[in-house]
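Here is a short set of exercises to work through with a structure open beside you. Try each task on your own before reading its solution.

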Amino acid sequence: MRVLVTGAAGYLGRNLVTALAERGDTVTAADLVTELPADTDHVSWRRLDVLDADAVAAMICGYDLVFHLAARITLHRRDEAAWRLNTEGVRIVSRAALSAGVPRFVHCSSVHSFDTSAPGVLSEQSPRSVADSTLPLYDRSKFAGEIELQRVIDDGLSAVIANPTGVFGPPDAGPRMSRMNGMLRDAALGRIPVDIRGGFDWVDVRDVTTGLLQAAAHGRVGENYLLGGHKLSIHDAFRMAANVTGRRGSSFSLPHWTVKGLVPLATAIGRRVDSDVLTVASLSALRWNPSVDSSRARTELGYRARPSEETIRDLVTHFVATGRLDRHQ
């Protein structure tokens, strides 16, 4: 099978490209990063700006399957580049896929396209992150991108939407570690004596990769599939990572009100150093801490998520094996 993956150089993209190559597919891995990985027997790396409609149209012909992963994750309240990529990018790539006659299209959206602040268990029937709400820009942009895709589906594209929760775990082979993996590495090194109260639904990147493949094979056209894992507090996650290296981990969790006053300063500093670890959006995500129902994906796709303890143990072992962590530091 000939497969195109956009956003292939990202954390999830690299894992998906590897899985496709391992099952014998011929993969074109497309991204806009400056330095692309070297080609292999099954994978050809190509530079692609998904906002360039002509370039997308020229590349997308002749594929049996397209995975659209290109997106910008941001916790800033204003980010025009992220909005364009997460909305116009979906429209351009999906419209080109329809014109080229691509038989199957999988869009990787996010749990954040749903309103994670809404009460109750979050499912595919839950309220969405509408554009005129006060929700973070990333959340609103991901749902807006899905709206763009649904218009193309209405015109005949065979597409399905996957909505992973908080993705973490090994392998993380990119030049820049994912946000959660980086924090877990710091916890494993004993560098986080205090954390912030709250948590999220975290899912292993390997399980999301499998879920994307299952969505391509079995997903119903136009449907969303929540690819969740397990609800886990930041405190417990950091302590699990520290315990793998024989450390105690953080001693206690600060309530949100104790750090809320630091957010404006942290946001201003973060913009200068390209960091959005502490923002209104990041604190809100931890405070809302939704319970996620992935039963549709389990029933219709055969999706399963491994225990969080296994993911964290494997992640720390991965860091040691790749030289990113010394157990004796």
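The exercises below start with the whole chain and then move to its sheets, a helix, a core and two serines; the model is predicted.

**Exercise 1. The chain as a whole**

Task: find how many helices and strands the chain has, and what share of its residues count as buried.

Solution. Begin with the secondary structure: the chain holds 12 helices and 12 strands. Next comes burial, where 54% of the 329 residues count as buried. The surface exposed by the chain is about 14500 Å², with carbon and sulfur atoms supplying 52% of it. Finally, look at how contacts spread along the sequence: among those between residues at least 6 apart, 75% join residues at least 24 apart.

**Exercise 2. The parallel sheet**

Task: work out the strand order of the open sheet of 7 strands, and say which strands stand at its edges.

Solution. Step one is the order, which reads β3-β2-β1-β4-β5-β6-β10, with parallel pairing. Step two is the edges: β3 (43-47) and β10 (224-227) each have a single partner strand, so one side of each is left without a neighbour in the sheet. Step three is the twist, which averages 20° from one strand to the next.

Now zoom in on β1 (residues 2-6), where 4 of the 5 residues are buried. With β2 (residues 26-31), β1 pairs in the parallel sense over 5 bridges, and Val 5 stands opposite Ala 29 of β2. With β4 (residues 65-68), β1 again pairs in the parallel sense, over 4 bridges; here Thr 6 has His 68 as its bridge partner.

Two helices can then be placed on the strands. Helix α4 lies across β5 (105-108), β6 (159-164) and β10, and runs at about 165° to β6. Helix α6 (residues 205-218) lies across β4, β5, β6 and β10, at about 135° to β4.

**Exercise 3. The mixed sheet**

Task: find the order of the open sheet of 3 strands and the partner of Gly 199 in β11.

Solution. The order is β7-β9-β11, and the pairing is mixed. The edge strands are β7 (166-168) and β11 (230-233), each of which pairs on one side only. From one strand to the next, the twist averages 50°. Taking one pair in detail, β9 (residues 199-204) and β11 are antiparallel over 4 bridges, and Gly 199 bridges to Ser 233.

**Exercise 4. Helix α1 and the core**

Task: check the span of helix α1 against the value expected from its number of residues, then ask which residues touch the most other members of the largest nonpolar core.

Solution. Start with the length. Helix α1 (residues 11-22) has 12 residues, which at 1.5 Å a residue should span 16 Å; the end C-alpha atoms are 17 Å apart, which agrees. Just after α1 comes Gly 24, with a positive phi near 100°.

Next, count the cover: 9 of the 12 residues of α1 are buried, including Leu 16, Val 17 and Leu 20.

Those three names return in the core. Of its 34 residues, Val 5, Leu 16, Val 17, Leu 20, Phe 67 and Leu 212 touch the most other members. The largest share of this core, 7 residues, comes from α1. As a last step, follow Val 5: beyond four places in sequence, its contacts include Leu 16, Val 17, Leu 20, Val 27 and Phe 67. In soluble globular proteins, nonpolar side chains tend to be buried together.

**Exercise 5. Two serines**

Task: decide whether Ser 110 and Ser 141 are buried or exposed, and find what each touches.

Solution. Take Ser 110 first, in the loop between β5 and α4. Its relative accessible area is 5%, so Ser 110 is buried, the cut-off being under 20%. Away from its sequence neighbours within four places, Ser 110 is in contact with Tyr 138, Lys 142, Ala 162, Asn 163 and Pro 164. The C-alpha atoms of Ser 110 and Pro 164 are separated by 5.1 Å, although the two residues are 54 apart along the chain.

Now turn to Ser 141, which sits in helix α4 (residues 137-154). At 0% relative accessibility, Ser 141 counts as buried. Setting aside neighbours within four places in sequence, Ser 141 is in contact with Trp 83, Asn 86 and Thr 87.

Notes
Residues are numbered from 1 along each chain as its sequence is written. This is a predicted model: local features need pLDDT of at least 70, side-chain atom pairs count only at pLDDT 80 or more; totals for chains, interfaces and linings use all residues. Side-chain values use heavy atoms; hydrogens and water are left out. Buried means under 20% relative accessible area, exposed over 50%, partly exposed in between (1.4 Å probe, protein chains only). Contact means heavy atoms within 4.5 Å. The expected span of a helix is 1.5 Å times one less than its number of residues. Accessible areas come from the Shrake-Rupley method with a 1.4 Å probe; for residues, only the protein chains shown count as cover. A nonpolar core is a set of buried Ala, Val, Leu, Ile, Met, Phe, Trp, Tyr and Cys residues joined through side-chain atoms within 4.5 Å. Two strands pair if DSSP finds at least two bridges between them. Axes are lines fitted to C-alpha atoms, for helices over the stretch in contact, and angles run from 0 to 180 degrees between N-to-C directions.
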